[in-house]
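Visitor: I am new to protein models. Could you show me how to read one, feature by feature?

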Amino acid sequence: MCGIIGYVGSGDAVPLVLEGLKRLEYRGYDSAGFALVEDGQLVVEKSAGRLSEFMASLGDSLPSGRAAIAHTRWATHGAPTDNNAHPHTDCTGRIAVIHNGIIENVAVLRATLAKHGHSFRSDTDTEVLAHLIEHLYEDSLQGAVAAALKQVEGAYGLAVICTYEPHTIVAAKQGSPLLLGVGDGENFVASDAAAVLQHTRSVVYLDDGEMAVLTKDGYQIPDLDTTRVAKAVSPVDWDLATIERGGYPHFMLKEIMEQPVSICNTLRGHLLPEDGNARLSGINLSDAELLEFDRVVLIACGTSWHAALIGEYMLEELARVPVEVEYASEFRYRNPIIDDRTLVVGISQSGETADTLAAVREAKKKGAWTLGIVNVVGSSIAREVDGGTYIHAGPEIGVASTKAFTCQVTALALLTLRLGRQRALSVLQGREIVEALNALPEQVKAVLAKANEIERIAEQYVRAPNALYLGRGYNFPVALEGALKLKEISYIHAEGYPAAEMKHGPIALIDGMMPVVFVAPQDGVYPKIVSNLEEVKARGGRVFAVVTDGDDQIARLADHVFTIPKTLDSLTPLLSVLPLQLFAYYIAVRRGCNVDQPRNLAKAVTVE
Ligand code: M6R
């Protein structure tokens with residue numbers, strides 16, 4: 001996620017904000033930059049790539065000023081290039097803006113501003129803000145920013161400086177974190193306390209709808225109507241390392257807990273409730289073109305491959321389009337049958353997985369239209385495909401993929417709506433799915449609020465040498481994913497199976513030493529999975545089951561149960577996977593494993 005730091009005081013602003021950016025590096029970013037007013041002129045320096053390279057490129061003679069804003073960008077609109085890096089400026093080069101978040105009505109704003117003669121140099125939504133502020137500036141930066149934000153829909157944490165008021169920073173927050181660091185003769189604005197902690201431990205957390213006007217001698221917090229808001233100053237008593245992980249002991253836990261927000265971000269701007277459909281303009285295909293495909297091939301690796309399997313179940317059941325799911329590594333070498341009536345979708349968190357990238361290229365060579373479901377904007381796969389959608393999960397730092405998985409499944413639900421509404425899905429079914437998707441973030445939140453229950457259950461399984469994960473239907477891929485999570489980070493050998501397949505071999509392993517994790521919500525295959533569970537219990541197996549709220553049938557059979565809320569069958573994986581992520585996490589922590597960087601694994605597998 002992007003990072004913001006701004007400084008106004010009597011110190012030399014640029015070294016201070018660059019140091020703040022270093023503190024924000026852990027969040028992940030792809031470009032960096034800063035702006036300040038030096039001798040009445042706006043100076044902007046920015047570039048794509050690592051902060052260390054950017055700083056080296058600046059040399060020793062840094063521009064000098066008493067107020068500066070700086071940013072690390074993690075691309076959302078537009079590729080990670082020098083041009084798209086923040087700060088962004090207006091036409092006159094007098095106003096500079098840094099911004100975290102997504103402006104949803106950017107297209108309308110850009111078109112209106114263009115009519116007024118503004119021209120744009122980047123692909124970003126942020127640049128539009130700079131022009132909008134310029135357009136509305138009369139005699140005060142605060143007034144112009146407030147007027148601009150009244151026209152903006154979406155999420156932002158932002159900071160603005162301009163040559164007209166060189167000793168002032170104006171900041172504002174809506175849906176993206178922002179705080180003030182209160183110093184003695186100096187003040188800071190930052191997206192994260194880590195950036196200011198070296199200088200002050202007194203912070204003011206802004207709330208949505210609030211602005212801040214900072215000078216060296218103080219700050220004011222008005223709302224967009226300039227009514228002043230009284231805010232408490234809070235002490236920060238965490239150390240830096242804890243803050244970087246948002247107070248969580250590990251990035252993996254932080255990322256698990258971020259899922260209510262990350263799923264919202266995947267859905268943002270895509271749902272069409274009235275039509276029971278999804279807007280996916282990034283796929284670059286008209287309705288007529290989309291109807292030409294007679295099958296879909298989903299290619300991916302690891303966790304993304306598990307998401308693809310869920311996509312297959314969704315697309316076939318609801319959109320009635322034939323789907324194949326391929327391991328990218330197999331696909332690329334086995335001369336698959338692909339033609340221009342095949343829609344090939346590469347799914348990848350990093351967008352850099354070598355096998356998936358090569359498979360996408362192979363599919364293109366054979367004439368397929370290729371789409372990407374990717375997290376990292378501007379990554380190789382995102383650039384290679386003919387279209388697609390970003391999942392906007394934010395940077396995933398823990399090696400074990402968690403929030404990217406649920407966002408990928410969410411994106412596949414959007415694709416299902418888009419393809420389904422043209423084929424087999426009625427408007428009523430579509431609306432039901434849209435409604436259920438909208439309800440998901442709150443349901444995810446409710447499940448994650450019970451993490452301590454999972455922690456207690458996990459305690460019982462810490463010493464298991466093996467584990468079997470079983471699920472059916474939509475929850476078979478969840479069983480695979482649960483097993484992968486456990487083996488990756490705890491080094492316990494774990495296997496996932498379709499529950500009924502157990503009788504064809506793995507049942508031989510069942511004894512009191514083999515924990516069996518059942519993913520058994522009340523869906524269309526529930527009675528079947530209850531029978532499978534009885535078979536395990538009859539052989540003395542120890543069972544932990546993930547079931548739907550109110551299920552007392554399995555509660556009577558299993559040794560431990562964890563309940564999740566009811567949703568549509570096709571969306572249950574988005575809830576049932578959560579306890580399995582937490583289960584793996586707590587077991588690994590109790591076993592003393594390096595949860596965020598498990599042995600032998602890399603976050604992006606860029607080699608074959
Ligand atoms: O970046 P990608 O989604 O393409 O990565 C694919 C796999 O390498 C990845 O999902 C891997 O399995 C993770 N370690 C799973 O937690």
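Guide: We start with a term. Contact means heavy atoms within 4.5 Å. For angles, axes are lines fitted to C-alpha atoms, and the angle between two N-to-C directions runs from 0 to 180 degrees. Keep in mind that this is a predicted model.

Visitor: Let me try that on a helix. Which strands does helix H1 lie across?

Guide: Helix H1, residues 13–24, lies across E1, strand E2 (31–38) and E4. Its direction makes about 155° with that of E1. Now take helix H2, residues 51–58. This helix lies across E2 and E3, at about 40° to E2.

Visitor: Those strands must belong to something. How do I read a sheet?

Guide: Begin with the general idea. Strands of a sheet pair through backbone hydrogen bonds, either parallel or antiparallel. Then read off the order. Here one open sheet has eight strands, in the order E3-E2-E4-E1-E10-E9-E11-E14, with antiparallel pairing.

Visitor: Why is one side of strand E3 and of strand E14 left without a neighbour in the sheet?

Guide: Strand E3 (41–48) and strand E14 (234–235) stand at the edges. Each has a single partner strand, so one side of each has no neighbour in the sheet.

Visitor: How many bridges join strand E1 to strand E4?

Guide: Six bridges join E1 (residues 3–9) to E4 (residues 67–73), and the two run antiparallel. You can follow a bridge residue by residue. Gly3 has Thr72 as its bridge partner in E4.

Visitor: And E2 with E3?

Guide: E2 and E3 pair over eight bridges, again in the antiparallel sense. Phe34 stands opposite Glu45 in E3. The two strands form a hairpin with two residues between them. There Asp39 takes a positive phi, near 50°.

Visitor: Where else should I look for a positive phi?

Guide: Try Asn335. Its phi is near 50°, a positive value in a residue other than glycine. Asn335 is found in the loop between helix H11 (328–331) and strand E19 (342–348).

Visitor: What about the peptide bond from His86 to Pro87: cis or trans?

Guide: That bond is cis, with omega near 5°. Pro87 is found in the loop between E4 and E5.

Visitor: E5 is not in the sheet you described. Which sheet holds E5?

Guide: An open sheet of six strands, in the order E5-E6-E7-E8-E12-E13. Its pairing is antiparallel. Strand E5 (88–89) and strand E13 (218–220) stand at the edges with a single partner strand each, so one side of each lacks a neighbour in the sheet.

Visitor: Can we look inside that sheet?

Guide: Look at E6 and strand E7 (residues 156–162). Six bridges join them, and they run antiparallel. Val97 has Val160 as its bridge partner in E7. Helix H5 (residues 141–149) packs on the sheet and touches E7, strand E8 (169–174) and strand E12 (210–215). The direction of H5 makes about 145° with that of E7. H4 lies across E5, E6 and E7, at about 140° to E6.

Visitor: Now for empty space. How is it found?

Guide: Rolling a probe the size of a water molecule over the atoms shows where empty space is left. In this model there are four cavities of 30 Å³ or more. The largest cavity has a volume of about 70 Å³.

Visitor: Which residues lie nearest the centre of the largest cavity?

Guide: Cys2, Arg73, Thr76, His86 and Gly101, out of 13 lining residues. Strand E6 (95–100) and helix H4 (125–136) are the elements that give two or more residues to this lining. By class, the lining has three nonpolar, eight polar and two charged residues.

Visitor: And open pockets?

Guide: Take the second largest pocket, at about 910 Å³. It is lined by 32 residues, and His77, His270, Ser281, Gly282 and His392 are the closest to its centre. The largest share of the lining, four residues, comes from E21. By class, there are eleven nonpolar, 15 polar and six charged residues.

Visitor: Which domains supply at least three residues each to that lining?

Guide: Domain 1 (2–236) and domain 2 (241–448). The chain is also given a domain 3 (450–597).

Visitor: How do I read domain 2 against domain 3?

Guide: Check centres, then contacts. Their C-alpha centres lie 24 Å apart. In contact are 39 residues of domain 2 and 35 residues of domain 3.

Technical notes:
Residues numbered from 1 in each chain as written. Predicted model: local features only at pLDDT ≥ 70, side-chain atom pairs only at ≥ 80, totals over all residues. Heavy atoms only, no water. 1 Å grid on protein atoms, 1.4 Å probe; cavity = no way out; pocket = protein on both sides within 12 Å on 5 of 7 lines; lining within 4 Å. Points joined across faces, edges and corners; volume = space filled by probe spheres on them. Nonpolar A, V, L, I, M, F, W, Y, C, P; charged D, E, K, R; others polar. Pairing = 2+ DSSP bridges. Domains from an automatic or database assignment.
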